[in-house]
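Please look through the structure below with some patience, and keep two topics in mind as you go: charged side chains that pair up, and helices that pack against one another.

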Amino acid sequence: LQGIFVLGLPYALLHSGYSGLLLIVLAAVLCCYTGKILIACLYEENEDGQLIRVRDTYEDIANACCKKLSPRLGGTVVNVTQVVELIMTCILYLIVSGNLLSHSFPYVPVTEKTWSVIAFVTLLPCIFIRTLKIVSKLSQLCSLVHFVIILVVITYCLTQIHQWSWAKFRLSLEFEDFLVSVGVIIFSYTSQIFLPTLEGNMKNPGEFRCMLNWTHFFACILKTTFALTAFLTWGEKTKEVITDNLPSFLETLVNLCLLTKALLSYPLPFFAATEIVYSCISKGNHSNYKSPLLALTVRGSFLVLTLLMAMFTPHFALLMGLSGSVTGAAMTFLLPSLFHLKLKWKKLSFLEKCADISVFILGFLCSLAGIVCSIKGLLEVFG
């Protein structure tokens, strides 16, 4: 999920300057922290003081927090938020695939939307994905392709080291451009939707916190290195997607790698979204839950939905920004900190309470700023 945003990090540095480097580190720390407190909400202490996993999903945490108000309200809100974000991500991968194919084969007289349909055809086998094990294998391949892309870009940038200059960093910032950079940097780390399932499927869940620390640490190092080397190479000429700065022979190669990555990335959010809807439909009816026909219907419907929205939704990028500002900030910052305060208030220290409240306020401000910028962009477009 992080690949598309990572390719925009050098562009984010163009608009955020030195503060962008600090933001990359700060975002890693905050997202790692909210991941930990979210998982902490899955556990309660028993009479012997031992932590027992009493909840399994983000939905269970939300229902536990809202049970006095309504037993299912919290879970419903979380599920809708998750599905919207996941479906938007799937649609984005389809649009990106069409764009990459049209740029890779400009001599073929085919429109970008037609290329998206061709990419969609290759994704039809997703209907038959029934387990997370298959998705994890595809995600491993996706990660491998991602590292190849990063390696190619960094290697090329290192060959241009003779023209690097720290003077390329901006000292004065424009507020709206800075907000765009904040969004790109923060959402290059988001993964909270998948963490409860991931932790529940680990052979040793006790190692989850350590795993989260190391993965965010290495992600921070990699993203800082990538963004810095690319920006120092192209400076003010840095484009929104850094691969557009590469020489033509490398750009085509990297675009094809990006296409592969986009297609391999699609199954994870698709599987997660369909499983949420599938479980909601089947709740309380175990015979239906095991029905292959129902599963195929849900997956097929979602596949067609992503294609139709990719084909016919105007100005999807702006709508993606608007929904991402709401759902992304909510799932990454607002809800984890709010749920942690609600469920663990009596056991939290003063500093832990301050940390949760600070994260909540920061998430709210980021979300509000993103919503304002997206609505402003939509108003300008519709004029």
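A salt bridge is counted here when a side-chain nitrogen of Lys or Arg lies within 4 Å of a carboxyl oxygen of Asp or Glu. With that in hand, we can turn to the model, which is a predicted one, and in which five salt bridges are found. Among the residues involved, Glu44, Arg55 and Lys344 are joined to one another in a network of salt bridges, and it is worth following that network one link at a time.

In one link, the side chain of arginine 55 meets that of glutamate 44, with a distance of 3.0 Å from N to O. Glutamate 44 belongs to strand 1 (residues 43–45), while arginine 55 sits in the loop between strand 2 (51–53) and helix 4 (58–66), so that 11 residues separate the two along the chain. In another link, glutamate 44 meets lysine 344 through their side chains, at 3.8 Å from N to O. Because glutamate 44 lies in strand 1 and lysine 344 in helix 15 (residues 316–344), this pair ties together parts that are 300 residues apart in sequence.

Which members of the network are buried, and which are partly exposed? Arginine 55 has a relative accessible area of 11% and is therefore buried, and lysine 344, at 10% relative accessibility, also counts as buried. Glutamate 44, by contrast, has a relative accessible area of 22%, and so it is partly exposed; the reasoning rests on a cut-off, since buried means under 20% relative accessible area.

A further salt bridge is formed by glutamate 199 and arginine 53, whose closest N and O atoms are 2.9 Å apart. Since glutamate 199 lies in helix 9 (residues 195–200) and arginine 53 in strand 2, this pair ties together parts that are 146 residues apart in sequence. Glutamate 199 is buried, at 2% relative accessibility, whereas arginine 53, with a relative accessible area of 26%, is partly exposed.

We now move from charged pairs to the packing of helices, taking helix 14 (residues 292–312) as the point of reference. How do the axes of helix 6 (residues 112–122) and helix 14 cross? They come within 10 Å of each other and cross at roughly 165 degrees, and because angles over 145 count as roughly antiparallel, helix 6 is roughly antiparallel to helix 14. The crossing of these two helices is right-handed. On the side of helix 6, Lys113, Ser116, Val117 and Phe120 take part, and they meet Leu303, Val304, Leu307 and Met311 of helix 14. Sorted by class, this contact of helix 6 with helix 14 has six nonpolar residues, one polar and one charged.

Helix 5 (residues 73–104) also packs against helix 14, at an angle of about 60 degrees and with the axes 9 Å apart, which means that helix 5 is oblique to helix 14. Here, too, the crossing is right-handed. Helix 5 contributes Val83, Ile87, Cys90, Ile91, Leu94 and Ile95 to the contact, and helix 14 contributes Phe302, Leu305, Thr306, Leu307, Met309 and Ala310. The residues in this contact of helix 5 with helix 14 are 11 nonpolar and one polar, with no charged residue. As you return to the structure, notice that Leu307 of helix 14 appears in the contact with helix 6 and in the contact with helix 5.

Terms used
Residues are numbered from 1 along each chain as its sequence is written. This is a predicted model: local features need pLDDT of at least 70, side-chain atom pairs count only at pLDDT 80 or more; totals for chains, interfaces and linings use all residues. Side-chain values use heavy atoms; hydrogens and water are left out. Axes are lines fitted to C-alpha atoms, for helices over the stretch in contact, and angles run from 0 to 180 degrees between N-to-C directions. Helices (H or I, at least four residues) and strands (E, at least two) are DSSP runs, numbered from the N terminus. Angles under 35 degrees count as roughly parallel, over 145 as roughly antiparallel, 65 to 115 as roughly perpendicular and the rest as oblique. A crossing is left-handed if the near helix is turned anticlockwise from the far one by less than a right angle, and right-handed if clockwise. Contact means heavy atoms within 4.5 Å. Ala, Val, Leu, Ile, Met, Phe, Trp, Tyr, Cys and Pro count as nonpolar, Asp, Glu, Lys and Arg as charged, and the others, Gly among them, as polar. Buried means under 20% relative accessible area, exposed over 50%, partly exposed in between (1.4 Å probe, protein chains only).
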